[in-house]
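Me: Could you take a close look at one part of this structure for me, the largest pocket and the helix that helps to line it? I would enjoy one connected account rather than a list.

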Amino acid sequence: MKKFILFLLLFALTSCGNKNQNSINPLGSTEITTATQSGIRTVTTTIQSTTEPVTKSRPIMKKKSMIDVPYYSQFDYPTGCELVSTSMLLAFLGFDIKAGELIEKGYLNAVDITEDSKKRKHGGDPDKVFIGNPEKNSGYGCYSGAIIYTLNKFLKPREYKSDTKYDIIDLKGTEIPEICADYISKGVPVIMWASIDMKPTFINLSNSWIIDKTGERYLWKSNEHCLILTGYDEEYYYFNDPLAQKDMPYLKRLAERRYGEMGMQAIAVIEN
């Protein structure tokens, strides 16, 4: 009789080709039955159900929202709208620094356009450095990557210390309505790239150069402009426009189009 019972036990342990048998119960857990040298061990683990999609709740967007951001004109910096907009944002955060000082004090490098012996123009990457001189009409400007670098160097000294109280958010590719819901309605102004007077951007082949480090030819978009998004209502977006005025209204659809033409570049800074 003892031999018969032992035979049944051995048969139960060795009859399945798989040593692990899994079964899912209706409560969303998995029972794993494992054969061991000392007997049978059953472990129950919970698994996540995938039958219902996970949806991210969107914040409720107010019908109108405005942020009081200090206004600076770019009168002294005819091609330095990006630097002036950055100084406005820093003023909002409580810092007093002029647009030109961002270059003078080494927070951002400025690179001139040069010509080689074959009359080919050479310059830097506008996503990394400022192209030209912001105090001259012959300057060009820079893009969001360069300003993110500048803000990191200014707000996160000592090689971008991780314990800073500021988070610099790259919003590239984010639609303006989403920016308004997530940032403007919560009192956070946003640096944004669009165009001068919201006129169409265009390509002029004479405004192109070879990027020194990559050898690629870069085509600058004429009419490029940088502003601070400060508010919105049902019809307009409002900007601190360095070439116009504080809280300058632009029709929503028009601003969204120009913002899209410039690659949907935007930056926010959040104070922890």
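Reply: Happy to. One definition helps at the start: the expected span of a helix is 1.5 Å times one less than its number of residues. Please keep in mind that this is a predicted model.

With that in hand, consider α2, which has 12 residues. From its first C-alpha to its last, α2 reaches 17 Å, close to the 16 Å expected at 1.5 Å a residue. Buried here means under 20% relative accessible area. By that cut-off 11 of the 12 residues of α2 are buried, so the helix is largely enclosed by the rest of the structure. Among them are Cys81, Glu82 and Leu83 at one end of the list, and Leu89, Leu90 and Ala91 at the other. Ser85, Thr86 and Ser87 are buried as well, as are Val84 and Met88. After α2 comes Gly94, whose phi is positive, near 105°.

Now to the pocket. The largest one has a volume of about 270 Å³. It is lined by 18 residues, and those closest to its centre are Thr79, Gly139, Tyr140, Ile196 and Glu224. Three elements give two or more residues each to this lining: α2 (81-92), β12 (217-222) and β13 (224-232). The largest share, 3 residues, comes from β12. In character, the lining divides into 6 nonpolar, 9 polar and 3 charged residues.

The cysteines deserve a word too. A search of the whole structure finds 0 disulfides. Cys226 is accordingly in no disulfide, and the nearest cysteine sulfur, that of Cys81, is 5.5 Å away. A disulfide would need the two sulfur atoms within 2.5 Å. Cys81 is one of the buried residues of α2, and Cys226 counts as buried at 0% relative accessibility. Cys180 is also buried, with a relative accessible area of 0%.

Finally, a look at the loop that leads into β12. Glu216 lies in the loop between β11 (202-211) and β12. At 51% relative accessibility, Glu216 counts as exposed, whereas Cys226 is buried. Leaving aside neighbours within four places in sequence, Glu216 is in contact with Trp209, Ile210 and Ile211. The C-alpha atoms of Glu216 and His122 are separated by 9.9 Å, although these residues are 94 residues apart along the chain.

How values were computed. Residues are numbered from 1 along each chain as its sequence is written. This is a predicted model: local features need pLDDT of at least 70, side-chain atom pairs count only at pLDDT 80 or more; totals for chains, interfaces and linings use all residues. Side-chain values use heavy atoms; hydrogens and water are left out. On a 1 Å grid over the protein atoms alone, a cavity is a set of points where a 1.4 Å probe fits but cannot get out, and a pocket is an open set with protein on both sides within 12 Å along at least five of seven lines; lining residues have an atom within 4 Å of a point. Grid points are joined across faces, edges and corners, and a volume is the space filled by probe spheres set on the points. Helices (H or I, at least four residues) and strands (E, at least two) are DSSP runs, numbered from the N terminus. Ala, Val, Leu, Ile, Met, Phe, Trp, Tyr, Cys and Pro count as nonpolar, Asp, Glu, Lys and Arg as charged, and the others, Gly among them, as polar. Buried means under 20% relative accessible area, exposed over 50%, partly exposed in between (1.4 Å probe, protein chains only). Contact means heavy atoms within 4.5 Å.
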